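Trainee: Could you walk me through one small part of this protein, slowly and in detail? I'd like to see how a piece sits among its neighbours.

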Amino acid sequence: MNLTHNNHFKFGYNHEWFKFRQSDTDQWMVKYGACERPVGDFYAECLATAALIRDTTSEPLRVLLSGGSDSEIVVRAFHEQGIPFRAAICQFNDNLNLHDISFGVVLCEQLGVKYDLIPLNITRFLQGEFLKYAEPTMCRSPELCSTMWLADQVDGVPILGSGECYLVK
């Protein structure tokens, strides 16, 4: 199973990769592989990752744009590389996330990026369909489950940006 580029990021429990937790005594494990080339600065790595994603598929690319800085960085990396993509922005009912999506819409319009506003009744989602995403993935985050929902709504390859998942003190 290849879940990340060359499976450089692996996770699992009880010495089995890509396995879910079965009990509260299961032991979590994670492993990051070594980089196979010289590492560039953050900007160079964003551009290189955009190119790598483009090279791995011929399907249309869809950047899931929340309006936050992580997804803005993804949009800018693909745009600056000249890689064709379309943004998908989840629009909650009653403008509940207008403060977020307005940044995404403005960014797309400034850069000339095509985008789709995809409506989601977030109240109804959290009262029911949320569990469709939470249970099989064991994810209890409303933000991540609604992002999974959005990924299901787009054609092609959904791409998202997220903050650093590994913290070293």
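Mentor: Sure, let's start from one residue: in S5, Arg86 is the bridge partner of Arg62. Before going on, keep in mind that this is a predicted model, where local features need pLDDT of at least 70 and side-chain atom pairs count only at pLDDT 80 or more, while totals for chains, interfaces and linings use all residues. Residues are numbered from 1 along each chain as its sequence is written, and side-chain values use heavy atoms, with hydrogens and water left out.

Arg62 belongs to strand S4, which covers residues 61-64. (Helices, H or I of at least four residues, and strands, E of at least two, are DSSP runs numbered from the N terminus.) On its other partner strand, S7, Arg62 stands opposite Pro158. So what does S4 pair with? S4 pairs in the parallel sense with S5 (residues 86-92) over three bridges, and likewise with S7 (residues 157-159), again parallel and over three bridges. Two strands count as paired if DSSP finds at least two bridges between them.

Now look at the two faces of S4. Leu61 and Val63 lie on one side, Arg62 and Leu64 on the other, and all are buried, so both faces are covered; buried means under 20% relative accessible area, exposed over 50%, partly exposed in between, with a 1.4 Å probe and protein chains only.

Next, zoom out a little. The open sheet has four strands in the order S6-S5-S4-S7, with parallel pairing. S6 (115-120) and S7 are at the edges with a single partner strand each, so one side of each has no neighbour in the sheet. From one strand to the next, the twist averages 30°.

Helices come in too. Helix H3 (residues 98-111) packs on the sheet and touches S5 and S6, contact meaning heavy atoms within 4.5 Å. The direction of H3 makes about 155° with that of S5; axes are lines fitted to C-alpha atoms, for helices over the stretch in contact, and angles run from 0 to 180 degrees between N-to-C directions.

Finally, back to S4: together with helix H2 (residues 69-81) and S5, S4 makes a right-handed β-α-β unit. Right-handed means that, with the strands pointing away from you, the path from the first strand over the helix to the second runs clockwise.
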